[in-house]
Amino acid sequence: MKPILPLVCPETGKQLNPVPQGDEILDTTTELRSPSGRVYPVIGGIPRFVPPENYAAAFGLQWKTFRKTQLDSYTGTSISRDRLERCLGGFSVVRGKKVLEAGCGAGRFTEVLLAEGAQVFACDLSTAVEANRENCGANDAYFVCQADIRALPVAPQSFDVVICLGVIQHTPDPEETIRVLASHVAPGGLLVIDHYRYGHEDMTLTRQRLRKFLIRQDAGVAMKIVKLLVAVLWPLHRLSWHLRKRALGSRFRQAVLYFSPVLDYHDYYGQLGPKLLYAWAVLDTHDALTDRYKHKRSTEQIAQALNDLGLVQAEISYGGNGVEARARVPRSSAPGL
């Protein structure tokens, strides 16, 4: 695997050199070194610019546990492709372009971007990058690293398109995250993001209390608890789904959906079938109840953030996971910092 862009030190901005010198193939490189002497390890062929464990540790475990669960190539659906196409406004904007996918997870969107002809620079704060590389690493137009969105190992204005889906709400400061993402868009380029809306996921009292407990637990323990919860409660979800059209069945269904902490996609993604519906229930219940940060924003707040950065041609609406937005950096200048 070769970088599609020169790698730079996140602290100094100076170009990094592989060790041993001159070796551009990261699979045989053990570390990257900056002129100032800062060293970044390359583990499993993946450059690491953050400690292996951080506030996103639960996500890393999640995506390595469910490495293929949400990939269209695995589910036989177009769920991920459809969402990505809607957010982009069409795939023509990424074909032949350098694309930063910030917060790449296991690769549900990475594989679609690559299939559509993008050159993808993928990154994630968590060890999900290992699952991403397993799923997508055979493509020559692909590179992945473990890094913080707020301190990426690339120069500003390096990408034609910057995409960040399902991530910004989980960072400490969403507005700062949006600002940094915009700084990596080349003049005339496109920023594509989404963000939880107020009321997203229907965080009932049951889910709120359970989340407060789970985020204090070790990532492995939290995963085991979620798996147990879904295993115990899933029969009720299946039963309520089958009874939903009978007398009182609708009320029973609504009661299960309200009081159970388990996320249930029978009503939205029935094409997945029973086995994958169960896997998605475990995955997204864990996702919803173990995130360290869970910010919410309105369309007006996202519009203000993009406007403050000087972005233009903004298109913002409610849809999908909450607020979906895309906007361009003016050709004459970089976004405000």
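**Figure 1. Arg 38, a partly exposed residue, and its acidic partner in the predicted model.** At 35% relative accessibility, Arg 38 counts as partly exposed, and in this predicted model the side chain of Arg 38 meets that of Glu 11 in a salt bridge, with N and O 2.4 Å apart. Arg 38 belongs to the loop between β2 (31–33) and β3 (39–43), whereas Glu 11 belongs to the segment before β1 (17–19), so the salt bridge ties together parts that lie 27 residues apart in sequence. Glu 11 itself is exposed, with a relative accessibility of 59%. The pair is one of 17 salt bridges found in a search of the whole structure.

**Figure 2. Salt bridges of Arg 33 and Arg 48.** Arg 33, which is partly exposed at a relative accessible area of 36%, forms a salt bridge with Glu 31, and the closest N and O atoms of this pair are 2.7 Å apart. A salt bridge also joins Arg 48 to Glu 130, where the closest N and O atoms are separated by 3.0 Å. Because Arg 48 lies in the loop between β4 (46–47) and α1 (57–65) while Glu 130 lies in helix α5 (residues 128–136), this pair ties together parts that are 82 residues apart in sequence. Arg 48 is buried, with a relative accessible area of 7%, whereas Glu 130 is partly exposed, with a relative accessible area of 25%. Elsewhere, Arg 81, Glu 85, Arg 95 and Glu 116 are joined into one network by salt bridges that share partners.

**Figure 3. The buried side of helix α5 and its packing against α1.** In α5, the residues Ala 128, Val 129, Ala 131, Asn 132, Asn 135 and Cys 136 are buried. Around the helix axis they cover an arc of only 155 degrees, which places them on the same side of α5. The elements against which the buried residues of α5 pack are β4, α1, α4 (110–115), β6 (119–124) and β7 (142–146). For the pair formed by α1 and α5, the packing angle is about 25 degrees and the axes are 7 Å apart; α1 and α5 are therefore roughly parallel to each other. Where these two helices meet, Gly 60, Trp 63 and Lys 64 come from α1, and Ala 128, Glu 130 and Ala 131 come from α5.

**Figure 4. Cysteines without a disulfide partner.** A search of the whole structure finds zero disulfides. Cys 9 is in no disulfide, and the nearest cysteine sulfur, which belongs to Cys 145, is 13 Å away. For Cys 87, the closest cysteine sulfur is that of Cys 164, and the distance of 11 Å between the two sulfurs is too far for a bond. Both residues are shielded by the criterion of relative accessible area, since Cys 9 is buried at 1% and Cys 87 counts as buried at 3%.

**Figure 5. The surroundings of Lys 14.** Lys 14 is found in the segment before β1. Leaving aside neighbours within four places in sequence, the residues in contact with Lys 14 are Leu 7, Val 8, Cys 9 and Pro 35; one of these, Cys 9, is buried, with a relative accessible area of 1%. Gly 103 is 89 residues from Lys 14 along the chain, and the C-alpha atoms of Lys 14 and Gly 103 are separated by 23 Å.

How values were computed:
Residues are numbered from 1 along each chain as its sequence is written. This is a predicted model: local features need pLDDT of at least 70, side-chain atom pairs count only at pLDDT 80 or more; totals for chains, interfaces and linings use all residues. Side-chain values use heavy atoms; hydrogens and water are left out. A salt bridge is a side-chain nitrogen of Lys or Arg within 4 Å of a carboxyl oxygen of Asp or Glu. Helices (H or I, at least four residues) and strands (E, at least two) are DSSP runs, numbered from the N terminus. Buried means under 20% relative accessible area, exposed over 50%, partly exposed in between (1.4 Å probe, protein chains only). A disulfide is a pair of cysteine sulfur atoms within 2.5 Å. The arc is that of the directions from the helix axis to the C-beta atoms. Contact means heavy atoms within 4.5 Å. Axes are lines fitted to C-alpha atoms, for helices over the stretch in contact, and angles run from 0 to 180 degrees between N-to-C directions. Angles under 35 degrees count as roughly parallel, over 145 as roughly antiparallel, 65 to 115 as roughly perpendicular and the rest as oblique.
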